[in-house]
Amino acid sequence: MKRRRRPGEATSLVSCGNEIGMAPSDNRISFVVRFVTECVEDLRFAHATELARAGLYAAAKALLLPANQTLTEARDLDLLARIEANQHHYAEAQRIWLAAATVSSEPNNYRLLASEAANAGQARFLRKQVVLALTISFVLSGLILSALEISSRPAHAKAHIPSVAPSKVAPQAIPGSSRP
C-alpha cells in the first residue's frame with residue numbers, strides 16, 4: 001500500500017516521480033531543471049528589486065525585461081510599475097498595474113494601485129498648474145505695483161534724461177599739426 005504524503009511533508013525526487021507515473025530518472029531531471037529555473041528567476045527578481053531600491057531604475061528595468069521578452073508574472077509587472085511610478089511616469093505605471101491585474105490571482109490589489117497611479121498623475125499635473133498660476137500672479141503683481149509706484153510720483157520727481165547740447169568749444173590746435 002502506498003503511503004500518502006501529509007501536507008507540509010517534504011517530497012523526495014524519487015517519490016515525486018513515482019506519484020505522477022514518470023520514471024524516477026526522468027522526473028529527477030525535470031524537477032531539477034524546474035527548481036534551478038525557479039531559483040534563477042527568484043535571484044533575477046531579487047537583484048532587480050535591489051537595483052530599483054538603489055535608484056538604478058534603468059538597470060533594474062533591463063534585468064526585468066531582457067531582449068524583447070514580455071513579462072507574464074504579476075510580481076515582475078508590479079516591480080516594473082513601481083519603477084515607473086518612482087520616475088513619475090504614472091500613466092505607464094497605471095497601464096502596467098492593469099496588466100498585472102489580468103494575470104494575478106488577486107487583481108483587486110493591482111487595480112487599486114492603478115487607480116492610485118492615475119490619481120497621482122492628476123495631482124502632479126494640478127500641482128504644476130498651481131505653481132505656474134502662482135508664479136504668473138506674483139510676476140503680474142510685481143509689475144502692477146511697479147507701475148502704480150511710478151505713476152504716483154509727482155511730475156517733477158520722475159526721472160528724465162537731460163538733453164545734451166552740442167558744445168561750442170573752439171577747436172584747438174593739435175600740437176604737431178599744421179591746422180590751427
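**Notebook: confidence, core and ring contacts**

I began with confidence, since this is a predicted model, and I found that the chain averages a pLDDT of 75, with 67% of the residues scoring at least 70. Looking along the chain, I noted that the mean falls to its lowest value, 45, in helix α1 (residues 13-19), and reaches its highest, 89, in α4. Over residues 1-19 the pLDDT stays under 50, and for this stretch the model has 17 contacts beyond four places in sequence. I remind myself that predicted coordinates should not be read in detail where pLDDT is low.

Next I looked up the largest nonpolar core, which has 24 residues; L64, L79, I83, A93, W97 and Y110 are those with the most contacts inside it. I listed the elements that give two or more residues to this core, and they are α2 (24-53), α3 (57-64), α4 (74-86), α5 (90-103) and α6 (107-151). Of these, α4 gives the largest share, 7 residues.

I then followed one core residue outward: which residues does I83 touch, if those up to four places away in sequence are not counted? I found A52, Y57, A60, K61 and L64 on the list for I83.

Turning to α3, I saw that Y57, A60 and L64 are buried. They cover an arc of only 65° around the axis, and therefore I place them on the same side of α3.

My next entry concerns R44, which I located in helix α2. Is R44 buried or exposed? I noted a relative accessibility of 14% for R44, and because buried means under 20%, R44 counts as buried. Leaving aside neighbours within four places in sequence, I recorded contacts from R44 to L63, L64 and D76.

After that I turned to the aromatic rings, and a search of the whole structure gave me 1 aromatic pair. The rings belong to F31 and F35, with centres 6.4 Å apart and planes at 15°, so I wrote the pair down as stacked. Both residues lie in helix α2, and because they are 4 residues apart there, about one helical turn separates F31 from F35. I checked accessibility as well: F31 counts as partly exposed at 30% relative accessibility, and F35 is partly exposed too, with a relative accessible area of 48%.

My last entry is a charge and a ring: I found R75 lying over the face of F45, at 4.4 Å from the ring centre.

How values were computed:
Residues numbered from 1 in each chain as written. Predicted model: local features only at pLDDT ≥ 70, side-chain atom pairs only at ≥ 80, totals over all residues. Heavy atoms only, no water. Core = buried A, V, L, I, M, F, W, Y, C linked by side-chain atoms within 4.5 Å. Buried < 20%, exposed > 50% of the residue type's maximum accessible area, 1.4 Å probe, protein only. Contact = heavy atoms within 4.5 Å. pLDDT = per-residue confidence, 0-100. Arc of directions from axis to C-beta. Phe/Tyr/Trp six-rings, centres within 6.5 Å; stacked < 30°, edge-to-face > 60°. Lys NZ or Arg CZ within 6 Å of the ring centre and 35° of its normal.
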